[in-house]
Amino acid sequence: MDVLNALGWVKFSIIYENNNGLIRVQELLKEHRYRITLRQLPRTEDYRPMLKDAKKAGVTHVVLDVERPNIFKVLKQAQQIGMLTSYHNYFVTSLDLHTVDLEDFRHGGTNITALRVVDPENAMVQRVIQDWVFGQTRYGRNANSPTAPTLMNNNITFLETEVALMYDAVQLFAKALHDLHRSRHIDLTRLECDGDATWVHGNSLINYMKWVEINGLTGLIKFDTEGFRRDVTLEIVEMTKDGLVRVGRWDPTNGANYTRTYQEVQQGIVESLQNKTLIISTILADPYTMLRETSERMTGNDRYEGFCVDLIHEIALVLGFNYTLKLASDGKHGKYHENTDKWDGMIGELLDQKADLAIGDLTITYEREQVVDFTMPWMNLGISILYRKPTRKPPNLFSFLSPLSLDVWLYMATAYLGVSLLLFVLARLSPYEWSVSAVLRPDDSNKTNTENQFSLHNSLWFTMGSLLQQGTDQQPKAVSTRIVAGIWWFFTLIMISSYTANLAAFLTVERMESPIEGAEDLAQQTKIKYGCLYGGSTWTFFSTSKMPTYQRMFNFMESQRPSVYSKSNEMGVERVLRGDGMYAYLMESSSIEYITERHCDLTQVGGLLDSKSYGIALPPGSPYTKAISEVIKDLQKRQIIDLLIKRWWSGTVQEMPYFDDESKSSSKANELGLSNVGGVFVVLLAGMGLASVVAVCEFVWKSRKLATEEHASVWAEMGKEIRFALACSDSNKPVRKKSLDHENGPSYLSMNTYGSTFTASQYSFASKDPLS
């Protein structure tokens, strides 16, 4: 048990021959931390059917408890069916493994461990063997007797444990008897085996044997008060190319202690990999493993390229092994099927011993770690969402109105009207806003009049000019009106500044419309379908998740007909491209990063749903796991893996002039096109058209009024006015008499006064003296 704990065994099978074997391993069966299966050898000498069942069950660690003559038979038949490879580990309970001929198993790489109590290299053991050989040669004793030393290649080299123990027992009895005889006189009496009489010195001899200590063939021999041997030391031996080698010791006090260091163990594993050819299983997945695009016909490993191909090449250079890349027969990563009790994909090939390693976009999951070994991760990632890039929002013709909401525009219009009316009322109430004006007549007569500059029209015009940052002829003179004007100017300053700043952002920042922003959005709707690779790690994540959101997403995917799952990631990506925004694909973020680099209209939506890693899978119990992990750690330290990632993820990025990253677009402002500011031109043209229509109405109305006053035809008056308007050489117009006498005369006058020409409608003087 101490040795198995030191070796790290947890799951293993016990192959035993008879009930005595179960008694020997009963302490192992009592331990709950072990996962043990029991298999008994059949009564026939053909053990291959039982061994095949064990192999099919994925047994790689075996505790072998059989009699010494059957050890070779079991190991040989295990070798014949492929259960004696470098991925298998055997612990033999017999203390006589060193007496078994293991020549056929030395170069298989199988880790065979055992314990022994007899050290064949001990000088005392060698001397006893030589005496034994001399005695057989001299006296002709039977060399095939049960107590004879074991013959190895016609040389007597090893003693069986039972023989050594018998030899030590005789030596102990002889020494105790000799010492007892020296201490006292011993009387010899004849005893009957079937009688009740006992030897008088028997108890003394037994007590003396408990007290005496000698060095025997099995080490230091001493007993406790109850007659059990204590302080027994066993040697831990392992099979190597050079045969059984002592690698540690066991004693009751300290347990199992290995004498070799961790570095020595790893060095031995690395040496066993030298010039060895490993079968590496993989699947086609960009950019991990891809078929090389070339016109030449290539064979072997030259057919493949990609990140994983370069990674395994770097590992092989360090460890010195050869490899052959092989595509998994079904092209899958590895999923357990309860109905067949088997794994498919790359995991299945490892368990069936069709491959030595599996590399690709293979996620380390709890279920897979229960059946295979994984190296340390070479990439960390998580599940995310692949979706089409949000479409650009069509430019709005009136996008210049976007900086302010509809409510703000309405509030501004209300404020404009309210301030205009307030200014009009206050100006009429305040005496300081009234002034006296004089109108000069051609006949040297004059007419005085009081007027207020803030009529309703002028008030509206004044607030409009202030709002548009323009000036007007009207200026408030009363304190009340100036307060209103000042507050209105402050209001317009803030509003115009805010509008201008926000307008720049609205017109230069590209607006995208995306219906989903993460997993929560997907789970709360049913219009956009979503799926993943069936049977992969992403599918396992959703099927075993306890979070309500992910459970709802899994139930939705399971209920969709036709199925939203894909048989490969390539099919999922193609479905997103053809889905026109109606399909999203759940996959690993590293693969999404690679895909978005090469498909400009795809993007990653939301963050990571979980945290996982990619690793290299090996058969359970593989001795190469730690060695490869050390190499991966070294490659990460030297940034070799980072360079490979940059090469295969960003080395062939296409130009994407239309779709820019948000960071790039924010660093450089987009120029404004007509589609962005076309609404301003529309408003300008509409204003110009409205002004033209009003001018025509004014022209027609004035021509009709003049025609009525002068009793002329409307068309004639319109003709005169048009001819005058088109006469660019003369800007003066003769004064019409009736127009001057009429109280509501024309809006313009042309006269000669004191030898000078001026034009005025009401030449006003803002003074107390009308003629000033």
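Asp344 is a buried residue, with a relative accessible area of 11%. In this predicted model, Asp344 has a charged partner: its side chain meets that of Lys332 in a salt bridge, at 4.0 Å from N to O. Lys332 sits in the loop between strand S16 (322-327) and strand S17 (336-337), while Asp344 sits in the loop between strand S18 (342-343) and helix H11 (345-351), so the bridge ties together parts that are 12 residues apart in sequence. The Lys332 end is partly exposed, at 42% relative accessibility. The pair thus joins a partly exposed lysine to a buried aspartate.

Stepping back to the whole protein, the secondary structure amounts to 26 helices and 33 strands. Of its 772 residues, 40% count as buried. As for how the chain meets itself, take the contacts between residues at least 6 apart in sequence: 65% of them join residues at least 24 apart. The exposed surface comes to about 44,600 Å², and carbon and sulfur atoms supply 55% of that.

Back to the charges. Side chains of opposite charge can pair when their charged atoms come close. A search of the whole structure turns up 26 salt bridges. One of them links Arg246 and Glu235, whose closest N and O atoms are 3.3 Å apart. Arg246 belongs to strand S11 (residues 243-251) and Glu235 to strand S10 (residues 234-240), so this pair ties together parts that are 11 residues apart in sequence. Glu235 is buried, with a relative accessible area of just 5%, whereas Arg246, at 35% relative accessibility, is partly exposed.

That pair has company. Arg116, Asp119, Glu235, Arg246 and Arg249 are linked in a network of salt bridges. Within this network, Asp119 comes from the loop between strand S5 (111-116) and helix H6 (123-139). Like Glu235, Asp119 is buried, its relative accessible area being 15%. Leaving aside residues up to four places away in sequence, Asp119 touches Val125, Glu235 and Arg246. Two of those neighbours, Glu235 and Arg246, are also members of the network.

A salt bridge inside a single helix shows up as well. Glu574 and Arg578 meet through their side chains at 3.7 Å, N to O. Both residues lie in helix H19 (residues 569-578), 4 residues apart, which is about one turn of the helix. Here neither end is buried: Glu574 is partly exposed at 38% relative accessibility, and Arg578 is exposed, with a relative accessible area of 60%.

Helix H22 (residues 640-650) gives a picture of how a helix can be packed on one side. Its buried residues are Ile640, Ile641, Leu644, Trp648 and Trp649. Viewed down the helix axis, these buried residues fall within an arc of 145°, so they line one face of H22. The face turned away from that buried side carries the exposed residues Leu643 and Lys646. And what lies over the buried residues? The cover includes both strands and helices. Among the strands are S14 (290-291), S15 (304-305) and S21 (379-381). Helix H10 (307-319), helix H20 (589-598) and helix H21 (625-637) also contribute to the cover.

Note on methods. Residues numbered from 1 in each chain as written. Predicted model: local features only at pLDDT ≥ 70, side-chain atom pairs only at ≥ 80, totals over all residues. Heavy atoms only, no water. Helix = DSSP H or I, 4+ residues; strand = E, 2+ residues; numbered from the N terminus. Buried < 20%, exposed > 50% of the residue type's maximum accessible area, 1.4 Å probe, protein only. Contact = heavy atoms within 4.5 Å. Arc of directions from axis to C-beta. Areas by Shrake-Rupley, 256 points an atom, 1.4 Å probe, with all protein chains shown as cover.
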